[in-house]
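The following exercises concern the strands and helices of one protein chain. Please keep the sequence and the structure in view while working through each solution.

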Amino acid sequence: MHDTSDIPHVPADSNSVRDPLDPLVIGGVELSSRLFIGTGKYGDDALIPAVCESSGSQVITVAMRRVDRGGTGVIGHIPSHMRLLPNTSGARNAQEAVRLARLARAAGCGSWIKIEVISDTRWLLPDGYETAKATEILAAEGFTVLPYINADLYVARSCRDAGAAAVMPLGAPIGTNRGLRTKEMLGILIEDSELPVVVDAGIGRPSQACEAMEMGAAACLVNTGIASSADPVAMGRAFRQAVEAGRAAFLAGHGAVQSGRAVASSPLTGFLR
């Protein structure tokens with residue numbers, strides 16, 4: 001079982017390039033990859049190890065209801081170097097989310113937890129109030145809590161005050177592959193947040209992940225966009241490259257956007273005669 005709760009550092013693998021000047025640190029853990037992946041929706045769970053390798057990811061989320069203490073099932077396909085991020089999928093309130101988180105730690109999944117509290121089965125949008133409640137309880141118990149939230153400034157602040165290690169706002173409704181439908185709100189969260197912002201849910205294409213990273217997101221979590229593709233291994237690689245490109249562009253600084261008339265890239269004087 002992947003008991004990584006006491007590991008202070010996750011070593012980079014051959015597919016990740018560590019930039020010592022630009023670390024991603026969550027809960028005291030330094031990561032070289034800014035792409036998180038999931039375990040759901042694969043046609044064959046046996047693809048997971050190859051996707052972990054091609055994506056270069058070091059963090060993988062798994063629903064607690066799919067965890068088997070015997071190491072069989074989906075857990076048996078996750079490489080041992082991956083940091084598990086169990087999620088509380090299926091929880092309808094804070095109490096249920098806390099119970100699932102405690103079960104995850106007892107099952108040897110470590111102390112990282114992604115809080116999902118969803119009581120509405122039609123829209124599958126997270127309940128901010130119950131999410132913040134669960135975050136406060138679990139942070140006090142020593143969990144590294146990453147709450148899944150709407151792109152809502154006040155919910156993000158509530159989770160921060162409750163002890164969250166990062167916030168995970170949705171880009172679009174979960175599983176839709178629609179991209180950054182909440183782009184304006186994400187931009188506000190990224191500018192305001194003192195915590196890493198991990199864009200989660202709705203990202204379906206590498207270009208969309210690249211755009212989120214260009215905005216200044218700390219990382220992206222992609223599951224459906226990879227798992228539902230025709231070639232998940234190749235798509236994992238494409239998302240890795242997109243996330244790296246987006247982060248590099250953010251660090252480089254974007255050129256000014258001009259409005260009105262065009263601006264020549266070369267002087268319009270001094271021509272040869």
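**Exercise 1.** In which sense do β6 and strand β7 pair, and over how many bridges?

*Solution.* The model examined here is predicted. Begin by locating the two strands: β6 covers residues 112–115 and β7 covers residues 144–149. Their pairing is parallel and extends over 4 bridges. For a specific pair, take Lys114, whose bridge partner in β7 is Leu146. Finally, follow the chain between the strands: it leaves β6, passes through helix α3 (residues 128–140) and arrives at β7, forming a right-handed β-α-β crossover.

**Exercise 2.** Determine which residues lie on each face of β6 and of β7, and whether they are buried or exposed.

*Solution.* The principle to apply is that side chains in a regular strand alternate between the two faces of the sheet. In β6, Trp112 and Lys114 lie on one side, with Ile113 and Ile115 on the other. A residue counts as buried when its relative accessible area is under 20%. Each of these four β6 residues is buried, and both faces of the strand are thus covered. In β7, one side carries Thr144, Leu146 and Tyr148, while the other carries Val145, Pro147 and Ile149. Here too both faces are covered, with 6 of the 6 residues of β7 buried. As background to these assignments, 51% of the 273 residues in the protein are buried.

**Exercise 3.** Identify the strand that 2 bridges join to β7, and describe the unit that contains both strands.

*Solution.* The partner is strand β8 (residues 168–169), which runs parallel to β7. Within this pairing, Ile149 stands opposite Pro169 of β8. Next, add the intervening helix, α4 (residues 153–162): together with β7 and β8, α4 makes a right-handed β-α-β unit.

**Exercise 4.** Describe how the axes of helix α1 and helix α8 are arranged, and list the residues through which the two helices meet.

*Solution.* Helix α1 comprises residues 48–55 and helix α8 residues 232–252. Their axes come within 7 Å and cross at roughly 25°. Because angles under 35 degrees count as roughly parallel, α1 is roughly parallel to α8. The handedness of this crossing is right-handed. At the level of residues, α1 contributes Ala50, Val51, Ser54 and Ser55, which meet Pro232, Val233, Gly236, Arg237 and Arg240 of α8.

**Exercise 5.** How many helices and strands are there in the protein?

*Solution.* The protein has 8 helices and 10 strands. Of its contacts with a separation of 6 or more, 64% are between residues 24 or more positions apart.

Conventions. Residues are numbered from 1 along each chain as its sequence is written. This is a predicted model: local features need pLDDT of at least 70, side-chain atom pairs count only at pLDDT 80 or more; totals for chains, interfaces and linings use all residues. Side-chain values use heavy atoms; hydrogens and water are left out. Buried means under 20% relative accessible area, exposed over 50%, partly exposed in between (1.4 Å probe, protein chains only). Two strands pair if DSSP finds at least two bridges between them. A crossover is right-handed if, with the strands pointing away from the viewer, the path from the first strand over the helix to the second runs clockwise. Axes are lines fitted to C-alpha atoms, for helices over the stretch in contact, and angles run from 0 to 180 degrees between N-to-C directions. Angles under 35 degrees count as roughly parallel, over 145 as roughly antiparallel, 65 to 115 as roughly perpendicular and the rest as oblique. A crossing is left-handed if the near helix is turned anticlockwise from the far one by less than a right angle, and right-handed if clockwise. Contact means heavy atoms within 4.5 Å.
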